[in-house]
Structures are given as structure tokens and as C-alpha cells.
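Open the model in your viewer and keep the sequence panel beside it. The tour below goes from one selection to the next and says what is found at each stop.

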Amino acid sequence: KKVVVAEEAKLPDGILQQIAEKSSGSYRDGFVFLEKILSQKELDEKTVTSLLAGVDFGTLVKFAAKLAEKDTKEAILLLNNLIAQGVSAQAINLEFIQFLRNLLFVKVGVFDNFGLTAENLTTLAKLSDDFDQSQILELLKLFESAIQAKNSPIAQLPTELAIAQFCLKD
């Protein structure tokens, strides 16, 4: 915040929070992200997400919807498309776990804005109808396990396995 004020910059609400989350407590990483963002002439959610090497909310919604439909092929293709765009499997897993946490909270009636816009909260509420609580919990466990498998010879394999295990169950 001090740097933003000193630079007389204006940032939309939530960007500093996103930077703090992405930098995981690393002061240096936080400044690198802030520098990238402050160098932009125009900022929107997609640009910020791209600069922070993350996954935008709309893509997370699509990914969750493919899982709700048990569409293994499209979920894996979406995952691999993100990786081809330069987003790491770890980053995807971390963001999807946060997304699932928010989805679970909405599903069980814990209403908070989670740093999301009203429109995104509405989308999350609608999406929560496509899952029961146990499915969201199962996805959280599967993607948490994928994060723990850091030494896989194929970076996205643990995530692909999580997708397949969820979609092909039953």
C-alpha cells in the first residue's frame, strides 16, 4: 500500500489482496507482481490474472462445470490449455482449491464476499446447485492431494488423476 501511495497509483479493490496471496509472504515476489501491474496502462480482471500467472474466475467456473458434468475429456483439455498458456499445475490447483472452498461456503450458507464481485458471487451460488456438499469435499481432498504430489515426473499428472478419479467414479 505504501508503494502504491508513493507512486500515486490507483488500483482497483482487491488487487493488493491478490498480490499478497500470490506472493505467499515473499516481500520480493510481492514487489515484482506490483511492478508488473503498475506498468500497465489499463487494468481489468483478465490482465491482472494474467500478470499474476493465475486462472481467471470464468475459467475456474468452466472447469468446475466440466467436473460437475463428469466430462473428463473437457476438464483435462481445459487444464492442459491453461498449462500451455504458462500457468503452472501448482497455481491451478491452489486457485481451484480456493474456488472450491468458496463454493463449499456458498453451498452450506456461509455468505461472505470472498473478495468477489456481486456478479461472481451470483455465479458461484448458481454453480453450487450442480454439486452436493460431499462432491465439493471430495474435490477439495483430490486437489489437495494433487498439490502434495510435487515430485511427479509430469507436473500436471496429479491434477489429471484427480479429475479422472472424480469424473469416472460411479
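Where is the place of K70? Select K70: it sits in the loop between α5 and α6. This is a predicted model, and the phi of K70 in it is near 60°, a positive value in a residue other than glycine. Most residues other than glycine have a negative phi. With a relative accessibility of 25%, K70 counts as partly exposed, because buried is reserved for values under 20% and exposed for values over 50%.

**The whole chain**

Zoom out and show the cartoon. The protein has ten helices and zero strands. Of its 170 residues, 38% are buried. Among contacts between residues at least 6 apart in sequence, 64% join residues at least 24 apart.

Now colour by pLDDT. The mean for the protein is 85, and 86% of the residues reach 70 or more. Helix α4 (residues 45-51) has the lowest mean pLDDT among the elements, 66, while helix α10 (residues 157-167) has the highest, 96. Where pLDDT is low, the predicted coordinates should not be read in detail.

**Helix α5**

Select residues 57-68, which form helix α5. Start at the N-terminal end, where D56 acts as the cap: one of its side-chain oxygens lies 3.1 Å from the backbone nitrogen of G58. How far apart should the ends of α5 be? The helix has twelve residues, so at 1.5 Å a residue it should span 16 Å. The expected span is 1.5 Å times one less than the number of residues. The end C-alpha atoms are 16 Å apart, in agreement with that value.

Show the side chains of α5 next. The buried ones are F57, T59, L60, V61, F63, A64 and L67. In an α-helix, residues three or four places apart point the same way, because there are 3.6 residues a turn. After α5 comes K70, the starting point of this tour.

Stay in this region and select K66 and E69. The two form a salt bridge, with the closest N and O atoms 3.7 Å apart. K66 is partly exposed, at 25% relative accessibility.

**The largest nonpolar core**

Which residues touch the most other members of the largest nonpolar core? Select F63, L67, F96, F99, F131, F143 and I163, which do so in a core of 34 residues. The elements that contribute two or more residues are α5, α6 (72-84), α7 (89-108), α8 (118-128), α9 (133-148) and α10. The largest contribution, nine residues, comes from α7. Another core lies apart from this one; it has seven residues, including I15, I19, F33 and L34. In soluble globular proteins, nonpolar side chains tend to be buried together.

Centre the view on F143. Beyond its neighbours within four places in sequence, F143 is in contact with F63, L67, N93, F96, I97, L100, T159, A162 and I163.

**Helix α9**

Select α9 as a whole. Its 16 residues reach 23 Å from the first C-alpha to the last, close to the 22 Å expected at 1.5 Å a residue. Buried in α9 are Q135, I136, E138, L139, L140, L142, F143, A146 and I147. These buried residues pack against α5, α7 and α10.

From α9, pick E138 and then K169. Their side chains meet in a salt bridge, 2.9 Å from N to O. The pair links distant parts of the chain, since E138 is in α9 and K169 is in the segment after α10, 31 residues apart. K169 is partly exposed, with a relative accessible area of 41%. The count of salt bridges by the rule used here is two.

**F166 in helix α10**

Select F166, in helix α10. Is F166 buried or exposed? It is buried, because its relative accessible area is 0%, and buried means under 20%. Leaving out residues up to four places away in sequence, F166 touches L67, K70, F131, Q135, E138, L139 and L142. Q135 is 31 residues away along the chain, yet the C-alpha atoms of Q135 and F166 are separated by 8.5 Å.

**Last stop: S128 in helix α8**

Finish at S128, in helix α8. S128 counts as buried, at 5% relative accessibility. Apart from residues up to four places away in sequence, S128 touches L103, V106 and K107.

Definitions and conventions:
Residues are numbered from 1 along each chain as its sequence is written. This is a predicted model: local features need pLDDT of at least 70, side-chain atom pairs count only at pLDDT 80 or more; totals for chains, interfaces and linings use all residues. Side-chain values use heavy atoms; hydrogens and water are left out. Helices (H or I, at least four residues) and strands (E, at least two) are DSSP runs, numbered from the N terminus. Buried means under 20% relative accessible area, exposed over 50%, partly exposed in between (1.4 Å probe, protein chains only). A polar contact is a pair of N or O atoms within 3.5 Å; within protein, one must be able to donate a hydrogen and the other to accept it, and residues adjacent in sequence count only if both atoms are side-chain atoms. pLDDT is the predictor's confidence in each residue, from 0 to 100. A nonpolar core is a set of buried Ala, Val, Leu, Ile, Met, Phe, Trp, Tyr and Cys residues joined through side-chain atoms within 4.5 Å. Contact means heavy atoms within 4.5 Å. A salt bridge is a side-chain nitrogen of Lys or Arg within 4 Å of a carboxyl oxygen of Asp or Glu.
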